[in-house]
Structures are given as structure tokens and as C-alpha cells.
Amino acid sequence: MAMTRVATHRPQKLAVDRAAGLLRISWVDGHTSNFRLAWLRAVCPCATCAEAKRTADADPLRLIVGPGPSAAVTGAELVGNYALRIIWADGHDGGIYGFSGLRASCPCAECGGEAPALLQVE
Ligand SMILES: [Zn+2]
Ligand SMILES: [Zn+2]
């Protein structure tokens, strides 16, 4: 089987480890990524969260009080073969995480740590 750049962005196995608070992705090239659920929620790429981030950036004096959004996961489902939708315990499910963006944000030491970039669906 030929190795292509795209093929490395395909997950072979997806698992949510609720106890550890991690989304674990085993990629077809043998690499494994462990994403913190709290980080995934913080970078949720949906329109609602993007707008909330824009509002917060525009008003740096705005104080956000109270607990952050839920990082508990109810479920996850594949979107085509290119992305993952995560359904959070508070009902939020608009975020679609592209696999190429997830792979580019792999937080392991080998990949260079947790990237702050928003995930793009390609
Ligand atoms: Zn969102
Ligand atoms: Zn990595």
C-alpha cells in the first residue's frame, strides 16, 4: 500500500478515555495522539464558539466568571471520512474537528506540543 500524505491523517482507531479526560486517536501511520477533552472543547471550531471568542477578544476587560464549558463527552461520530463531531455532555455538538487539523495539533513531544491554532476542516 502506498503511503500518501493524506493517508497519515486518517484515524485507524478513535477512543474517548473519560477517566483520563482524553480523546485518543491511533493514526494509520502508527502514530498515536492524545488530545485533552478540555482543550478540544476550548478550541471548538463551531460558529457559536468562534463568535464568543471574537467577542471576548474585542473586550479584554470582560470578566468571565464561573465554570468553563463542559469537557465531558456524551459521544462522538464520524463526519464523512475527514472529520469527527464531538457531542458534549451539555448538549453542545456544533464543532466538527477535521482529522488533518487534529493531526497538525497533536500535543505529543514528537509533534511539538499542543498547538493553539483553531482546527480547520479541509
Ligand atoms: Zn462550539
Ligand atoms: Zn504526535
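Here a student and a tutor talk through a predicted model, one question at a time.

Student: Let's start with the metals. Which residues coordinate the zinc ion (ligand 1)?
Tutor: Look for donor atoms around the ion, and you will find them at 2.1 to 2.3 Å. Along the chain these donors follow the spacing C-x1-C-x2-C-x42-H, which tells you to look for cysteines and one histidine. The residues are Cys44 (SG), Cys46 (SG), Cys49 (SG) and His92 (NE2).

Student: What is the geometry of the site of the zinc ion (ligand 1)?
Tutor: The ion has four donor atoms, and the angles among them run from 101 to 115 degrees. Four donors count as tetrahedral if all angles lie between 85 and 135 degrees. For comparison, the ideal angle for four tetrahedral donors is 109.5 degrees. The site is therefore tetrahedral.

Student: How many residues apart in sequence are the parts tied together by Cys49 and His92?
Tutor: Cys49 sits in helix H2, which covers residues 47-58. His92 belongs to the loop between strand S5 (83-88) and strand S6 (96-98). The pair therefore ties together parts whose separation in sequence is 43 residues.

Student: Are Cys49 and His92 buried or exposed?
Tutor: A residue counts as buried under 20% relative accessible area. Cys49 has 15% relative accessibility, and His92 has 17%. Since each value falls under that cut-off, Cys49 and His92 are buried.

Student: Now the other metal. Which residues coordinate the zinc ion (ligand 2)?
Tutor: The donor atoms lie at 2.0 to 2.3 Å from this ion. Their residues are spaced H-x74-C-x1-C-x2-C in sequence, and the angles of 103 to 116 degrees among the four donor atoms make the site tetrahedral. The residues are His31 (NE2), Cys106 (SG), Cys108 (SG) and Cys111 (SG).

Student: Is Cys111 buried, partly exposed or exposed?
Tutor: Buried means under 20%, exposed means over 50%, and partly exposed is in between. Cys106, another donor of this zinc ion, has a relative accessible area of 0% and is buried. Cys111 has 36% relative accessibility, so Cys111 counts as partly exposed.

Student: Ser33 caught my eye. Which side chain makes a polar contact with the side chain of Ser33?
Tutor: Ser33 lies in strand S3 (residues 32-36) and is buried, with a relative accessible area of 0%. Leaving aside neighbours within four places in sequence, Ser33 is in contact with Leu23, Arg24, Ile25, Trp27 and Cys106. The polar contact, at 2.8 Å, is with the side chain of Trp27.

Student: How far apart in space are Ser33 and Cys108?
Tutor: In sequence these two residues are 75 residues apart. Cys108 is one of the donors of the zinc ion (ligand 2). From C-alpha to C-alpha, the distance between Ser33 and Cys108 is 6.7 Å.

Student: What kind of aromatic pair do Trp27 and Phe99 form?
Tutor: The count comes to two aromatic pairs. In this one the ring centres are 6.3 Å apart, with 85 degrees between the planes. Planes over 60 degrees apart count as edge-to-face, so the pair is edge-to-face.

Student: Which elements hold Trp27 and Phe99?
Tutor: Trp27 is buried, and so is Phe99. The pair ties together parts that are 72 residues apart in sequence, because Trp27 and Phe99 lie in separate elements. Those elements are strand S2 (residues 22-27) for Trp27 and helix H3 (residues 99-104) for Phe99.

Student: And what is the arrangement of the rings of Phe35 and Trp39?
Tutor: Phe35 is buried at 0% relative accessibility, and Trp39 is buried at 8%. Their ring centres are 6.0 Å apart and their planes are at 15 degrees. Planes under 30 degrees apart count as stacked, so this pair is stacked.

Student: Which elements give two or more residues to the largest nonpolar core?
Tutor: This core has 18 residues, and among those touching the most other members are Leu23, Phe35 and Trp88. Leu23 also has contacts beyond four places in sequence, including Ala15, Val16, Leu40 and Leu84. The elements are S2, helix H1 (37-42), S5 and H3.

Note on methods. Residues are numbered from 1 along each chain as its sequence is written. Chains are lettered from A and ligands numbered from 1 in the order in which they are written. This is a predicted model: local features need pLDDT of at least 70, side-chain atom pairs count only at pLDDT 80 or more; totals for chains, interfaces and linings use all residues. Side-chain values use heavy atoms; hydrogens and water are left out. Rings of Phe, Tyr and Trp (its six-membered ring) pair if their centres lie within 6.5 Å; planes under 30 degrees apart count as stacked, over 60 as edge-to-face and the rest as tilted. Helices (H or I, at least four residues) and strands (E, at least two) are DSSP runs, numbered from the N terminus. Buried means under 20% relative accessible area, exposed over 50%, partly exposed in between (1.4 Å probe, protein chains only). Donors are N, O and S atoms within 2.8 Å of the metal (3.2 Å for Na, K and Ca); water is not among the atoms, so sites may look incomplete. Four donors count as tetrahedral if all angles lie between 85 and 135 degrees; four count as square planar and six as octahedral if opposite donors are over 155 degrees apart and all others between 65 and 115; anything else is irregular. Contact means heavy atoms within 4.5 Å. A polar contact is a pair of N or O atoms within 3.5 Å; within protein, one must be able to donate a hydrogen and the other to accept it, and residues adjacent in sequence count only if both atoms are side-chain atoms. A nonpolar core is a set of buried Ala, Val, Leu, Ile, Met, Phe, Trp, Tyr and Cys residues joined through side-chain atoms within 4.5 Å.
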